[in-house]
Amino acid sequence: MKVLVTGGTSGLGLAMAAALAATGASVVLTGRSGERAESVAAGLPGATGVEMDVRDESSVVRAVDRAWSRLGGIDMLVNNAGIGMRTVNPRFMTQPQGFWEVPSDAFRAVIDTNLTGYFLVAREITPRMLASGGGRIVNISVNHSTMRRAGFVPYGPSRAGSEALSRIMAADLRGTGVTVNLLLPGGATVTGMMPEDVVAEGHGFLSPTVMGPPIVWLASDDAAGVHDERIVATEFEQWLRDRESRR
């Protein structure tokens, strides 16, 4: 399996890239800093790092070209690159802001990364997958409660938009051989998006490694043809049992 993981230098992206690489997948992970992406990738078996700014169409094209060339194709895209509320309000967990207090440039930055970024990367890769006979796209999402939580503009709307985008992508690609699925942790997760003081206090946050088992399964033969599913990592084992019982 040849996999491109965007935003793979830390957090959920790194956890998924590491889990995939550990199973023998060939992984290209991306980050805005090519040097950091290469450094992080060097710590994973057989992985490669590539610079990509998902907000920049030309950067996306260059990065996908490089990843496609290095891997000899891409079987799976993991659309993960994103920024969180911490970039807008560092104290968003303890001192939430009303939407009217959010600077317009901060709003645009989050939407450009979390929503437009998913679109640009998927738009670049999908025609290549169609031409090669198929592929898999996994878009990383969050709990629905996060999408409507007070003080969560613009992060909540950005993730609601990316989830709607995923559903439409799945509808557009049904029957083509390219599958689209959603994957989310299932709760607040310890990543760079969380305020350090809140994480230090400890509130039972999830580890990013919770994403490992479901992403590995989505890359497996067992997941061939699985399409338009919304998989919650904390509920993955039960979801899998329920799925098997329906077959």
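This report walks through the sheet of a predicted model, then turns to its cavity.

## The sheet as a whole

Let's begin with the strands. Seven of them form an open sheet, and their pairing is parallel. Reading across the sheet, the order is S3-S2-S1-S4-S5-S6-S7. A helpful piece of background is that strands of a sheet pair through backbone hydrogen bonds, either parallel or antiparallel.

At the edges you will find strand S3 (48–51) and strand S7 (230–232). Each of these two has a single partner strand, so one of its sides has no neighbour in the sheet. From one strand to the next, the twist averages 20°.

## Strand S1 and its two partners

Strand S1 (residues 2–5) is a good place to look at the pairing in detail. With strand S2 (residues 26–31), S1 runs parallel and is joined by four bridges. Val3 stands opposite Val27 in S2. To get from S1 to S2, the chain passes through helix H1 (residues 11–22), making a right-handed β-α-β crossover. Further along S1, Val5 has Leu29 of S2 as its bridge partner.

S1 also pairs with S4: three bridges join these two strands, which run parallel. Here Val3 appears again, with Met76 as its bridge partner in S4.

## A helix on the sheet

Look next for helix H4 (residues 104–132), which packs on the sheet. H4 touches S1, strand S4 (76–79), S5 and S6. The direction of H4 makes about 175° with that of S4.

## The cavity

Now for the empty space. In general, rolling a probe the size of a water molecule over the atoms shows where empty space is left. In this structure there is one cavity of 30 Å³ or more. The space in the largest cavity comes to about 40 Å³.

Which residues line the largest cavity? They are Met76, Arg136, Ile137, Val138, Thr179, Asn181, Leu218, Ala223 and Val226. Strand S5 (135–140) and strand S6 (178–184) are the elements that give two or more residues to this lining. S5 provides the largest share, three residues. By type, the lining residues divide into six nonpolar, two polar and one charged.

Met76 links the two parts of this tour: Met76 is the partner of Val3 in the sheet, and Met76 is also one of the residues lining the largest cavity.

Conventions
Residues numbered from 1 in each chain as written. Predicted model: local features only at pLDDT ≥ 70, side-chain atom pairs only at ≥ 80, totals over all residues. Heavy atoms only, no water. 1 Å grid on protein atoms, 1.4 Å probe; cavity = no way out; pocket = protein on both sides within 12 Å on 5 of 7 lines; lining within 4 Å. Points joined across faces, edges and corners; volume = space filled by probe spheres on them. Nonpolar A, V, L, I, M, F, W, Y, C, P; charged D, E, K, R; others polar. Pairing = 2+ DSSP bridges. Axes fitted to C-alpha atoms, helices over the stretch in contact; angles between N-to-C directions. Contact = heavy atoms within 4.5 Å. Right-handed = clockwise from strand over helix to strand, strands pointing away.
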